[in-house]
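I opened this model to look up its aromatic rings and its strands. My notes follow in the order I made them.

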Amino acid sequence: FAKASTSVTVAKSGGDYTTVTSALNAVSSGTIIYIKNGTYKEKITVSKSNITFIGDSNTSTILTYSDSSSAAGGTTASASVTISASGFRAENIYFKNDFDYDNSSVSNKQAVAVVCKADQASFYNCRFHSHQDTLELWSGTGRQYFSGCTIEGCVDFIFGNGTGLFEN
């Protein structure tokens, strides 16, 4: 894990940025992004290496979107957060896809919270929640580590052909 050279803050008010996406678009690789408590409803893609997300709380710093495989054009495309760059790190973040599985009339209801395609990605004290297909891991592109995390779902809540190590 590379040492971060800069940091910024995302907050609904009073931060450097009001959305995670705007912060990601502005920063360079190796940046720490502090995310204050709040619900950030946006589709997020991390494509710069060695980015760190540090939230205030894994119950109140929520990164979410509402998408399903039917609407997005596939299961992987439904992800609220997609991580494709190496060295990603997250602490105290609640990753969620809040697609309304029970009240939707669509047939393909997979709704991914996180797709992790990154090598050397790590998650500490994070939560992952969706109804179906919560956390998708890919192995051809990397290894992922989860420590003290909670992963919730009903069907295939951890899936893919990934290499993940889960501790505590």
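**Two phenylalanines and their surroundings**

I began with burial: Phe123 is buried, and Phe128 is buried as well. I note here that the model is a predicted one.

Next I looked up ring pairs. With centres within 6.5 Å as the rule for a pair, I have nine aromatic pairs. One of them joins Phe123 and Phe128: the ring centres are 5.5 Å apart and the planes stand at 70 degrees, so I entered this pair as edge-to-face. Over 60 degrees is what edge-to-face requires.

I then followed the pairs from ring to ring. They link Phe53, Phe88, Phe95, Phe123, Phe128, Phe146 and Phe166 into a cluster.

I also checked for a charge over a ring. Arg127 has its charged end over the ring of Tyr94, at 4.1 Å from the ring centre.

**The sheet**

Where does Phe123 stand relative to β14? I found Phe123 opposite Phe146, which belongs to β14. Strand β11 covers residues 121–124 and strand β14 covers residues 143–147; the two pair in the parallel sense over four bridges.

I wrote down the whole sheet after that. It is open, has seven strands, and runs in the order β1-β2-β5-β8-β11-β14-β17 with parallel pairing. At the edges I have β1 (6–10) and β17 (163–167), each of which pairs on one side only. On average, neighbouring strands of this sheet are turned by 10 degrees against each other, direction ignored.

For my own reference, I add that strands of a sheet pair through backbone hydrogen bonds, in either a parallel or an antiparallel way.

Technical notes:
Residues are numbered from 1 along each chain as its sequence is written. This is a predicted model: local features need pLDDT of at least 70, side-chain atom pairs count only at pLDDT 80 or more; totals for chains, interfaces and linings use all residues. Side-chain values use heavy atoms; hydrogens and water are left out. Rings of Phe, Tyr and Trp (its six-membered ring) pair if their centres lie within 6.5 Å; planes under 30 degrees apart count as stacked, over 60 as edge-to-face and the rest as tilted. Buried means under 20% relative accessible area, exposed over 50%, partly exposed in between (1.4 Å probe, protein chains only). A charge sits over a ring if NZ of Lys or CZ of Arg is within 6 Å of the ring centre and within 35 degrees of the ring normal. Two strands pair if DSSP finds at least two bridges between them. Axes are lines fitted to C-alpha atoms, for helices over the stretch in contact, and angles run from 0 to 180 degrees between N-to-C directions.
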